[in-house]
Amino acid sequence: VVALTYGPDTDWVRNVVAAHGCDLETRGRVEHLVSPEVVHDPRRRAVGWPVRQVLRLIGANDFLHLIKPVS
């Protein structure tokens, strides 16, 4: 899950959706992710409580859900 702090209408989000996935580098590893879905969730249920509070303060209500394909 990626919080869309700049909203769901940014070019990079459109590109990921159009490409049906992306490579995401995190903690020094590159993960291939697929099936992107933009989800509007004002309750921010996909993230933990501390992150939820920060996202509430900045008004981030949209998320990009992706999955790691089965190898």
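The following paragraphs describe the fold, the sheet, the salt bridges and one loop residue of a predicted model.

The protein contains 2 helices and 4 strands, and from the N terminus on these elements follow the order β-α-β-β-α-β. Along the principal axes, the C-alpha atoms occupy a box of roughly 35 × 25 × 20 Å. Of the 71 residues, 28% are buried. Among contacts with a separation of 6 or more, 55% involve residues 24 or more positions apart. The exposed surface amounts to about 5,300 Å², of which carbon and sulfur atoms supply 55%. The charged side chains comprise 9 positive and 8 negative groups, and the centres of these two sets lie 10 Å apart.

The 4 strands form an open sheet in the order β1-β4-β3-β2, with antiparallel pairing. Strands β1 and β2 (21-26) stand at the edges with a single partner strand each, so one side of each has no neighbour in the sheet. The pairing of β1 with β4 is antiparallel and extends over 2 bridges. Within this part of the sheet, valine 2 has leucine 64 in β4 as its bridge partner. In general, the strands of a sheet pair through backbone hydrogen bonds, in either a parallel or an antiparallel manner.

A search of the whole structure returned 4 salt bridges. Glutamate 31 takes part in a salt bridge with arginine 29, where the closest N and O atoms are 2.9 Å apart. Glutamate 31 also forms a salt bridge with lysine 68, with a separation of 3.0 Å between the closest N and O atoms. Glutamate 31 belongs to strand β3 (residues 29-40), whereas lysine 68 is in the segment after β4 (62-67), so this pair ties together parts that are 37 residues apart in sequence. In terms of accessibility, glutamate 31 is buried, at a relative accessible area of 16%. Its partner arginine 29 is exposed, with a value of 52%, and lysine 68 likewise counts as exposed at 52% relative accessibility.

A further salt bridge links aspartate 41 to arginine 45, the closest N and O atoms being 3.3 Å apart. Here aspartate 41 is buried, with a relative accessible area of 8%, while arginine 45 is exposed at 54%. Through shared partners, salt bridges join Arg29, Glu31 and Lys68 into one network.

Threonine 5 was examined as a loop position. This residue lies in the loop between β1 (2-3) and α1 (11-19). With a relative accessible area of 44%, threonine 5 is classed as partly exposed, because this value falls between the 20% limit for buried residues and the 50% limit for exposed ones. When neighbours within four places in sequence are set aside, threonine 5 is in contact with Leu55, Ile58 and Ala60. The C-alpha atoms of threonine 5 and leucine 57 are separated by 11 Å, and the two residues are 52 residues apart along the chain.

Conventions. Residues are numbered from 1 along each chain as its sequence is written. This is a predicted model: local features need pLDDT of at least 70, side-chain atom pairs count only at pLDDT 80 or more; totals for chains, interfaces and linings use all residues. Side-chain values use heavy atoms; hydrogens and water are left out. Buried means under 20% relative accessible area, exposed over 50%, partly exposed in between (1.4 Å probe, protein chains only). Contact means heavy atoms within 4.5 Å. Accessible areas come from the Shrake-Rupley method with a 1.4 Å probe; for residues, only the protein chains shown count as cover. Lys and Arg count as positive and Asp and Glu as negative; His and the chain ends are not counted. The place of a charge is taken as NZ of Lys, CZ of Arg, CG of Asp or CD of Glu. A salt bridge is a side-chain nitrogen of Lys or Arg within 4 Å of a carboxyl oxygen of Asp or Glu. Two strands pair if DSSP finds at least two bridges between them.
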